[in-house]
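Please open the model in a viewer and keep the sequence at hand. The tour below proceeds by selection, one stop at a time.

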Amino acid sequence: MMRAADKSCFNKFTSWESVAALACAWCLSATGCDRMITPHNTQIVKDADAKSAQGEYLNAIGLYESALDGTAQSADIHYKLGLLYDDKMNDAVNGLHHFKRYLVLRPTGGHATEVKDFIKRDETALLTRLSGDSVVTRTEATRLRNENLNLRKQVEEKAAKTKVGDEKSSTHRSAEKATLARAGGQSYVVERGDTLFSISRKFYKSPSRWKDIRDANRGKIDSPSKLKPGITLAIP
């Protein structure tokens, strides 16, 4: 039976709204009633936090994403999702998406500076992607960049040496042309077994002018009787 004090309290509530308010007040003191008055999304986020702490990252991600409602209140959820994708799932693409959503919803939020650093890191990782889903780490990217710099340096040095070599060859060819011009424009490529005597005989019908050929090709001939096959001699 209801006590007199309870009857007096009950009589103060004559409408359904008053009865509902009284029921809610009683519920506040009941065990487990805090879950009933907790907003739906807030409870989901609490459950997701618990799953994340237990290492159940996929379940946590599913819960977090179900709590997103597009409002500014979702910014912190996007931040948590970004961390999960970035640090636990090694998924820079989704991590980048949620970090950017955080900045859209809270451009000056408490995590804004940190999030900007995460975005810069993830964008760098994505830009250094080699192939497929393989993302180069920052250490690997630095190593590759240094190798590229070294290769570029080697190419430039080789190009410089080639240019010098070409210039020397050009100078040598010019000198050789000048020698040939002075000799009347005749030349002869030495073959195996040739001597100045045999070359003189070939051009002058006599071996006696071998000294003229020698003098016209100073620097090319070490021994008149042992000529190097392949060299070009000016024939005066």
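A crossing of two helices is called left-handed if the near helix is turned anticlockwise from the far one by less than a right angle, and right-handed if clockwise. The handedness of two crossings will be given on this tour of a predicted model.

**The whole chain**

Begin with everything displayed. The chain contains eleven helices and four strands. Of its 236 residues, buried ones make up 24%. Among contacts between residues at least 6 apart in sequence, 43% join residues at least 24 apart.

**Helices α5 and α6**

Next, select residues 57-66, which form helix α5, and residues 75-88, which form helix α6. Their axes lie 10 Å apart, and the two helices pack at an angle of about 155 degrees. Because angles over 145 degrees count as roughly antiparallel, α5 is described as roughly antiparallel to α6. The crossing of α5 and α6 is left-handed.

To view the contact, show the side chains of Tyr57, Ala60, Ile61, Tyr64 and Glu65 in α5; these meet Ile77, Lys80, Leu81, Leu84, Tyr85 and Lys88 in α6. The residues of this contact comprise eight nonpolar, no polar and three charged.

**Helices α6 and α7**

Keep α6 and add helix α7, residues 92-105. Here the axes are 8 Å apart and the packing angle is about 160 degrees. That angle makes α6 roughly antiparallel to α7. The crossing of α6 with α7 is left-handed.

On the α6 side, select Ala75, Asp76, His78, Tyr79, Leu81, Gly82, Leu83, Tyr85 and Asp86. On the α7 side, their partners are Ala92, Asn94, Gly95, His98, Phe99, Arg101, Tyr102 and Leu105. This contact divides into nine nonpolar, five polar and three charged residues.

**Two histidines**

Which residues does His78 touch beyond its neighbours within four places in sequence? His78, in helix α6, is in contact with Leu68, His98, Arg101, Tyr102 and Leu105. With a relative accessibility of 6%, His78 counts as buried, because the cut-off for that class is under 20%.

Now centre the view on His98 in helix α7. Is His98 buried or exposed? His98 is buried, at 4% relative accessibility. Setting aside neighbours within four places in sequence, its contacts are Glu65, Leu68, His78, Leu81, Gly82 and Tyr85.

**Along helix α7**

Hide the other helices for a moment and look at α7 alone. At 1.5 Å a residue, its 14 residues should span 20 Å, and the end C-alpha atoms are indeed 20 Å apart.

Colour the buried residues of α7: Ala92, Gly95, Leu96, His98, Phe99, Tyr102 and Leu105. An α-helix has 3.6 residues a turn, so residues three or four places apart point the same way. Restore the surroundings: the cover over the buried residues of α7 includes α5, α6 and α8, the last being residues 112-127.

**Last stop: Val93**

Finally, select Val93, which also belongs to helix α7. Val93 is partly exposed, with a relative accessible area of 47%. Add Glu123 to the selection and compare the positions of the C-alpha atoms. Although Val93 and Glu123 are 30 residues apart along the chain, their C-alpha atoms are separated by 8.7 Å.

How values were computed. Residues numbered from 1 in each chain as written. Predicted model: local features only at pLDDT ≥ 70, side-chain atom pairs only at ≥ 80, totals over all residues. Heavy atoms only, no water. Axes fitted to C-alpha atoms, helices over the stretch in contact; angles between N-to-C directions. Parallel < 35°, antiparallel > 145°, perpendicular 65-115°, else oblique. Contact = heavy atoms within 4.5 Å. Nonpolar A, V, L, I, M, F, W, Y, C, P; charged D, E, K, R; others polar. Buried < 20%, exposed > 50% of the residue type's maximum accessible area, 1.4 Å probe, protein only. Expected span 1.5 Å × (residues − 1).
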